[in-house]
Structure formats: C-alpha cells, structure tokens
Amino acid sequence: MSITQDQRNQVCQRANYACEFCGVTETDAGGQLTIDHFQPRSKGGDDSLDNLLYSCVRCNLYKQDYWPASNDAPVLWNPRHEPAARHFLTLDDGQLLPLTTVGEFTIRRLRLNRAPLVTYRQSRRKQAETSRLLTEYRDLVSLLTQLNAQLAVLTRQQQQLLVTQRELLRLLLGIKEE
Ligand SMILES: [Zn+2]
C-alpha cells in the first residue's frame, strides 16, 4: 500500500516542513521534500506514521535503504525518537560534531557535514544572531524612550520644586524684613 495524501500531509506538518535529518526546509529547497521510511519497506518497515520521516532529497539519497543487518551493525539516528542534541553538537563554523557512535555513523552515512549544509548552518546561525541583535536593539530603543519620558516628568517636577522653593525663600525673606 502506498502512502496516502493525508499521511503525507501529516508527516510534512509534523516535521514543520523541514528535513528531519538536516533541517533544510521546503522554502530553502524550493519545493516539497520526500517521505522516507526510517525502516525501509524492503527491510520490513511499514507505512505507519511512526516509521515515516520528512527528508530532503540528499539525505534520502545518502540514507538509501540502510537498516542494520545485525545487532552489532551501526544504527542511524531516528529523529522521531531522539532529539538531535543527544547525538550532535553544532559548532560555530557550522560543522556537526558527533557525540555518540550513532551520531558519528549518521553524519558519515547521510554526509551531514556536506559543504552546502555547513554553509547553510553558518548562514542560519548568522540570521539568528542578527535577529537576536535586532531584538536587543529594539528593546534598548524602547527602554530609552521610557527613560526619556520619565526624565521629562522628573524635569517638570524639578521645575515645580524650584518655583515652590523660590516662593518659600521670598516668604522667609519677607518675614525677616518685617
Ligand atoms: Zn536533509
């Protein structure tokens, strides 16, 4: 039985329209990505939602129909079952560093340090940094606006105090002169 349109939609939405292995989105790829069977159909995998992953063409191509042939064969990271942070660390230069043997095998098999992906991670990092700085800048501007408003109130109060002080002085001097 092939995957229904409904299943396909559920898989895309669940993955937030991004490759579950490398994070490239439909927008980045300029089109829909592919549906991957984590356990390939040829190796006994079924069409249940738990076995379906949204994957970019490249990751799918490199993964092919990999499935461990024995108990001690290397295992691929299953993005549906474990967060990426358990197996990988993203370095500042955009490279993925494996934290586990699963991470190491997945990086090698899916070529997750392929040059365009490293560049992609770098540019996403820069975008995130830019948007963080912009938010910080906007917060500072709004704080400055608030401070200016408070300063205006304080200045008005100070002027009133000076007026009152002058009146008091005049009164005291007047009293002494009498
Ligand atoms: Zn991918």
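## Loop residues and the nonpolar core

With 15 C-beta neighbours inside 10 Å, Tyr17 counts as partly exposed, and in this predicted model the residue sits in the loop that runs between helix 1 (5-14) and helix 2 (26-29). Although Tyr17 is not a glycine, its phi is positive, at about 60 degrees. Gln64, found in the loop between helix 3 (57-63) and strand 3 (88-90), likewise is not a glycine and has a positive phi, of about 50 degrees. Gln64 counts as exposed because 11 C-beta neighbours lie inside 10 Å, and 12 or fewer is the cut-off for that class.

A further loop residue, Asn113, lies between helix 4 (101-110) and helix 5 (115-177). The C-alpha atoms of Asn113 and Gln95 are 6.0 Å apart, while the two residues are separated by 18 residues in sequence. Apart from residues up to four places away in sequence, Asn113 touches Gln95, Leu96, Ile107 and Val118.

| Loop residue | C-beta neighbours within 10 Å | Class |
|---|---|---|
| Tyr17 | 15 C-beta neighbours | partly exposed |
| Gln64 | 11 C-beta neighbours | exposed |
| Asn113 | 16 other C-beta atoms | partly exposed |

Turning to the interior, the largest nonpolar core has 17 residues, and those touching the most other members are Cys19, Phe21, Cys22, Tyr54, Cys56, Cys59 and Leu112. Strand 2 (residues 52-55) gives the most to this core, contributing three residues. Cys56, one of the core residues that touch the most other members, is in contact with Cys19, Cys22, Val24, Ala29 and Leu33 once its neighbours within four places in sequence are left aside.

Definitions and conventions:
Residues numbered from 1 in each chain as written. Predicted model: local features only at pLDDT ≥ 70, side-chain atom pairs only at ≥ 80, totals over all residues. Core = buried A, V, L, I, M, F, W, Y, C linked by C-beta atoms within 7 Å. Buried ≥ 20, exposed ≤ 12 C-beta atoms within 10 Å, placed from the backbone. Helix = DSSP H or I, 4+ residues; strand = E, 2+ residues; numbered from the N terminus. Contact = placed C-beta atoms within 7 Å.
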